[in-house]
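Visitor: Could you take me through one part of this model at close range? I would like to follow the helices and what they pack against.

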Amino acid sequence: MVTIVDVAKHAGVAPSTVSYVLTGNRPVSADTRVRVRESIQLLGYHPHAGARALASSRTNVLALVLPLREGVQLPVVMRFVTAVVTAAREHDMDVLLVTADQGAAGLRRLAGGARVDGCVVMDVGLDDERVPVLRELGRPSVLLGHPAAVKGLTCVDLDFEAAGARCVDHLTELGHRSIGFLGAPSAVYARKTGFAQRTLAGFGAAAMRRGVASTALPAEQRYDSVHAVVGTLLRELPRMTALVVHNEAVLGWVLECLRAEGRRVPDDVAVVAICPDEIAERLRLTSVQLPAEALGRRAVELLVAKLNGEHPAPLTLLPPKLSVRTAAHRAG
């Protein structure tokens with residue numbers, strides 16, 4: 001099926017420009033209009049009638065719903081915000097940032113009062129109360145993350161379950177047989193946030209499959225909490241030679257606490273993190289990349305596709321990418 005993106009590539013313009021030619025919502029130069037219409041005819045593109053009607057009343061504003069809840073790591077989520085805003089501008093769209101934690105009621109108010117064409121929703125739980133509302137409202141939306149059931153939705157996410165498993169596989173291939181897991185703040189697990197639950201599930205399943213000893217604990221974003229968790233892991237896993245960290249805000253403290261316990265990194269304990277590349281590079285840690293830029297951009301592209309009458313797959317998962325930055329330390 002030919003999409004508006006195909007037409008845009010063929011005509012050498014942005015997808016939003018194709019939309020403007022179809023709807024007359026904004027002025028387009030005569031040469032560009034001719035080129036776009038020629039591409040439409042050559043490719044046989046047929047815009048959905050309902051999409052044309054929707055496009056004619058567009059505001060070119062999308063809402064980014066990002067509730068600032070306990071345990072949300074602002075420096076990391078701002079990478080997603082930047083990616084969404086940048087991608088939206090490429091489609092001549094503005095972004096309304098909604099940070100209040102108002103759940104389903106907040107979404108209803110947003111749909112009823114704000115002049116937005118659609119929304120990107122973040123911090124998605126496995127049983128997120130906002131999901132039934134998104135289905136009910138029928139307004140174009142994309143979830144950055146995914147609930148347990150994705151039918152009738154459009155979601156994009158890192159494959160966090162595979163990411164947790166990839167860390168274990170990498171470490172066991174180096175000979176590690178006792179691996180700890182230092183996770184997100186407890187509030188994140190209490191909310192059944194998808195990315196945290198899936199990473200932990202992937203880690204646990206891989207540890208069982210590989211036959212290694214493992215213990216997983218949450219850690220708050222305080223030094224005393226990290227110190228206590230590291231100490232507990234070392235007591236519960238006295239032969240622990242590797243640690244997976246899924247809490248980028250405390251990575252520096254994790255390394256300090258291991259040194260305080262007399263453990264050298266990576267000689268005594270190999271640390272693998274799930275975090276943005278910049279953090280892992282600064283600390284010289286092997287990591288699974290948290291691709292905020294790619295995820296944010298893909299979310300906007302999927303939303304624009306829905307606004308143009310397309311029907312993307314319910315779930316797009318990006319595969320995890322592990323980058324080795326430390327010497328290939330093998331457990332003794």
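Guide: Happy to; here is a walk along helix α14 and its partner, followed by two other helix regions.

Keep in mind that this is a predicted model. Helix α14 covers residues 292–307, and its 16 residues should span 22 Å at 1.5 Å a residue; the C-alpha atoms at its ends lie 23 Å apart, which agrees. Many of its side chains are worth clicking through: the buried residues in α14 are Ala292, Leu295, Gly296, Ala299, Val300, Leu302, Leu303, Val304, Ala305 and Leu307. As a reminder, an α-helix has 3.6 residues a turn, so residues three or four places apart point the same way. Just after α14 comes glycine 309, with a positive phi of about 85 degrees.

Now bring in the partner. Helix α5, residues 74–90, packs on α14 with 8 Å between the axes and an angle of about 40 degrees. That angle makes α5 oblique to α14, and the crossing is right-handed. On the α5 side, the contact uses Arg79, Phe80, Ala83, Val84, Thr86, Ala87, Ala88 and Glu90, while α14 contributes Ala292, Glu293, Leu295, Gly296, Arg297 and Val300. Sorted by type, the residues of this contact are eight nonpolar, two polar and four charged. Ala292, Leu295, Gly296 and Val300 are among the buried residues of α14, and they also belong to its contact with α5.

A second helix pair is α11 (residues 223–236) with α12 (residues 251–260): their axes are 9 Å apart and meet at an angle of about 50 degrees. So α11 is oblique to α12, and here too the crossing is right-handed. Tyr223, Val226, His227 and Val230 of α11 touch Trp253, Val254, Glu256, Cys257 and Leu258 of α12. By type, that contact holds seven nonpolar residues, one polar and one charged.

Last stop: helix α10, residues 194–210. Its 17 residues reach 24 Å from first C-alpha to last, close to the 24 Å expected at 1.5 Å a residue. Buried in α10 are Gly194, Ala196, Arg198, Thr199, Gly202, Phe203, Ala206 and Ala207. Those buried residues pack against two helices and four strands: α8 (160–173) and α9 (186–190), together with β6 (178–183), β7 (213–218), β8 (242–245) and β9 (270–275). After α10 comes glycine 211, which has a positive phi near 70 degrees.

Technical notes
Residues are numbered from 1 along each chain as its sequence is written. This is a predicted model: local features need pLDDT of at least 70, side-chain atom pairs count only at pLDDT 80 or more; totals for chains, interfaces and linings use all residues. Side-chain values use heavy atoms; hydrogens and water are left out. The expected span of a helix is 1.5 Å times one less than its number of residues. Buried means under 20% relative accessible area, exposed over 50%, partly exposed in between (1.4 Å probe, protein chains only). Axes are lines fitted to C-alpha atoms, for helices over the stretch in contact, and angles run from 0 to 180 degrees between N-to-C directions. Angles under 35 degrees count as roughly parallel, over 145 as roughly antiparallel, 65 to 115 as roughly perpendicular and the rest as oblique. A crossing is left-handed if the near helix is turned anticlockwise from the far one by less than a right angle, and right-handed if clockwise. Contact means heavy atoms within 4.5 Å. Ala, Val, Leu, Ile, Met, Phe, Trp, Tyr, Cys and Pro count as nonpolar, Asp, Glu, Lys and Arg as charged, and the others, Gly among them, as polar.
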